[in-house]
Every structure is written in C-alpha cells, then in structure tokens.
Amino acid sequence: MDVSESIIYRHARVSVAPMMGYTDRHFRVLMRLLAPRSLIYTQMMKDEAVIRLQDRSVLFGEDRSLKGVVLQLGGASPERLALAVAIAEPYEYEAINLNVGCPSSKVQLANMGACLFKQPKRVAQCVEAMRRATNRPITVKMRIGVDECDRFEDAVHFIQTVHEAGCNDFIVHARKAWLKGLSPAQNRSIPKLDYHRVLALKSHFPKINFVLNGGIVSYEQAMLWLGSFNQVMIGRQAPRQLQLIAQLALGSSEPIECQPVLKKYFEYIERNTDSNRFHHMLKHCVGVYQGQPNASFWRKAVSNVMQNNNLSCLQDLLHLSGQMDQSIGAI
Ligand SMILES: Cc1cc2nc3c(=O)[nH]c(=O)nc-3n(C[C@H](O)[C@H](O)[C@H](O)COP(=O)(O)O)c2cc1C
C-alpha cells in the first residue's frame with residue numbers, strides 16, 4: 001500500500017497533539033479505542049534517542065494494528081534524522097513529523113525545535129534526508145513565527161523552502177514563540193493566537209495541507225475552523241476531555257458510550273501492567289467523562305483506584321462507567 005494514501009492519515013478531521021508526559025503509548029491505545037478515526041501523535045523523541053535505543057520495541061511499543069499514529073522526531077541533523085526514520089520504518093507509523101515548534105531552552109541548546117524556524121534551509125535538508133529513508137509522509141509542526149522573525153513573509157519563506165524539499169503537510173500552532181524570556185508553558189499562552197494568519201498561509205499555498213493547532217477547547221470552536229481546514233489538532237484539551245476527540249472524529253456532539261471502550265482498555269491494562277505501571281496506565285481514564293454531568297464522581301473513583309493500586313477494582317470502575325453512560329444518555 002502507498003502509505004501516503006492511508007485513509008486515517010488523509011481523512012482524519014482531528015488529531016491529538018504530541019505532548020511530552022501525556023501522549024505515551026498507553027494514552028494512544030485508549031485514544032485509538034475511543035476515537036478510531038483520529039490521528040494521534042507520539043510525544044517527541046530525539047533522533048539520537050531512537051538511534052541509541054537497545055530494546056526498540058519497549059519505547060515504540062506500538063501494536064502494529066494500532067493505526068493512525070504519527071511519530072514525532074526532534075533533531076537537526078539530516079543524517080541522524082534519516083537514520084531514526086529508517087529505524088522507525090517497521091513500526092508502521094502513518095507519517096513522521098519533525099518538531100519545529102518547541103521553544104524549551106534544552107531543545108534550543110541542541111538546535112532543535114522552534115529555533116529551526118529561522119533555518120529553513122537546514123529544515124529542508126532534514127526533510128529531504130528523511131524522505132529518502134521512507135515512503136511515508138514527512139510533515140512539519142511549526143509556529144507562525146519565532147522572535148522578531150514573525151512577519152507573514154517569514155512564514156511564507158519557511159514553508160516554501162521546506163515544501164520544495166518534499167513536505168506537503170504543515171501543522172501550525174497559531175501563535176509565535178519567544179526563544180528567550182518565556183517558559184514553554186508561557187509560550188503556549190502569552191503570545192496571542194492568530195488563526196487568521198494560518199488561514200492566510202493556507203490561501204497563499206492552496207496545494208499544501210495545513211492543520212490548525214492552538215487554543216481549541218470546544219466542539220463548536222473546532223467545527224467552526226473545520227469549515228476552513230481539513231483537520232484541527234487538539235493539545236491540552238485532549239487528555240482533559242477525551243470525548244471531545246471522539247466527537248470531533250465522528251462529527252457529532254452526542255455523548256459517547258464509553259463502557260465498551262473502557263472494557264477493552266482495562267483488558268489491555270490487565271495484560272500489560274505491573275504495580276509500577278498501573279498508575280500510569282489508569283491515569284489516562286480520568287478525563288473520559290469530562291464535560292458530562294457527574295464527571296467529578298468519575299474522576300474521584302478513578303483517583304481512588306489509582307491510590308489503592310488495586311487491579312481488582314477495575315471491574316467496579318467498569319460497572320460505574322455503565323451507570324455513567326446511562327445517566328448521560330449515551331446508551
Ligand atoms: C505538556 C505538553 C507537552 C508538549 N510536548 C510537545 C512535544 O513533545 N512536541 C510538540 O511538537 N509539541 C508539544 N507540545 C505542544 C502541543 O503539541 C501543542 O502544540 C500546544 O499545546 C498548543 O495546542 P493546544 O492549545 O491545543 O494545547 C506540548 C504541550 C504540552 C501542554
């Protein structure tokens with residue numbers, strides 16, 4: 001199969017953003033069950049980390065039937081990135097994404113992430129090398145600007161240069177980043193969102209795919225932008241409101257019946273957990289009913305089971321989820 005034709009990759013209306021500490025492999029399993037038609041990004045992995053891995057299956061950890069996952073890489077060396085892409089090839093990711101959006105000082109120190117926005121030629125070389133290592137789409141996640149390099153023309157120049165190297169998909173966080181003076185968290189809230197800048201870029205490059213990211217918090221808001229973009233990417237709200245992703249993937253704001261999904265996810269936990277991992281696997285369920293009546297009741301119940309570290313309580317949670325589904329009219 002020509003992977004660039006993958007149905008999920010081309011037609012997903014919503015994607016879950018790469019987020020360190022959140023979009024780990026357990027979260028991706030839960031999300032896949034809840035919203036099969038969404039695209040899910042891994043948290044960023046440095047090219048060097050991929051290359052040095054002893055037991056690659058542990059970190060990638062993807063069940064090969066887990067479709068719709070995009071691997072995000074961090075790096076700035078065409079050779080190392082190409083090697084990391086080649087190593088990832090057997091894991092059948094839908095696409096490989098290069099991080100050009102992260103402003104953290106640690107990432108900057110390695111000349112990775114957002115600072116690469118000012119080095120379009122280098123990014124183009126990276127994309128070219130990555131493309132040679134796979135047939136899968138190579139995509140770029142970026143900001144609308146970085147520091148003083150924030151004019152419309154700067155973004156046009158970046159996109160044009162990188163597009164000529166073979167990237168046809170740009171995920172754009174609709175705010176600029178400041179490389180000095182703001183923490184990564186501040187860089188996700190202080191610079192103003194400018195969705196119209198992304199819209200203008202899309203109009204400027206009608207043949208390029210643009211995904212809108214940044215500050216999308218509700219079904220209505222996402223649907224509004226889906227009138228102009230083929231896909232929106234949701235970050236912080238994804239682990240907080242898991243149903244939002246499922247609803248956007250389905251194009252309906254009706255409540256989702258979660259008990260069958262949780263049943264499968266709990267079976268996955270039972271198959272894969274030990275006492276160290278139980279907490280990490282279950283924590284992703286906290287936001288399953290967020291936004292629905294009695295959501296706090298569910299959150300407390302999940303927290304209690306996590307605290308007790310008691311696998312046998314999963315059946316009680318499952319029973320509760322059946323009651324939650326009924327009370328919100330999902331059945
Ligand atoms: C905890 C956390 C970790 C993140 N890690 C990454 C990352 O590894 N790679 C990346 O490109 N962006 C990362 N981001 C940025 C998100 O992908 C996204 O672009 C940003 O949060 C804006 O989207 P939102 O407003 O929907 O949250 C992270 C964001 C958060 C909150």
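The protein is divided into domain 1 (3-250) and domain 2 (259-327), with bounds that come from an automatic or database domain assignment. This is a predicted model, in which local features need pLDDT of at least 70 and side-chain atom pairs count only at pLDDT 80 or more, while totals for chains, interfaces and linings use all residues. Residues are numbered from 1 along each chain as its sequence is written, and side-chain values use heavy atoms, with hydrogens and water left out.

**Domains**
- The C-alpha centres of domain 1 and domain 2 lie 29 Å apart.
- Between the two domains, 16 residues of domain 1 are in contact with 14 residues of domain 2, where contact means heavy atoms within 4.5 Å.

**Residues around the ligand**
- The ligand is surrounded by 17 residues, of which Q72, N213, G215, G235 and R236 come nearest, a residue being counted as near if one of its heavy atoms lies within 4 Å.
- Sorted by class, this shell has seven nonpolar, seven polar and three charged residues; Ala, Val, Leu, Ile, Met, Phe, Trp, Tyr, Cys and Pro count as nonpolar, Asp, Glu, Lys and Arg as charged, and the others, Gly among them, as polar.

**Polar contacts of the ligand (pairs of N or O atoms within 3.5 Å)**
- A polar backbone atom of P18 lies 2.8 Å from an oxygen atom of the ligand, and a polar backbone atom of G235 is likewise 2.8 Å from a ligand oxygen atom.
- R236 takes part through its side chain, a polar atom of which lies 2.7 Å from an oxygen atom of the ligand.

Conventions:
A polar contact is a pair of N or O atoms within 3.5 Å; within protein, one must be able to donate a hydrogen and the other to accept it, and residues adjacent in sequence count only if both atoms are side-chain atoms.
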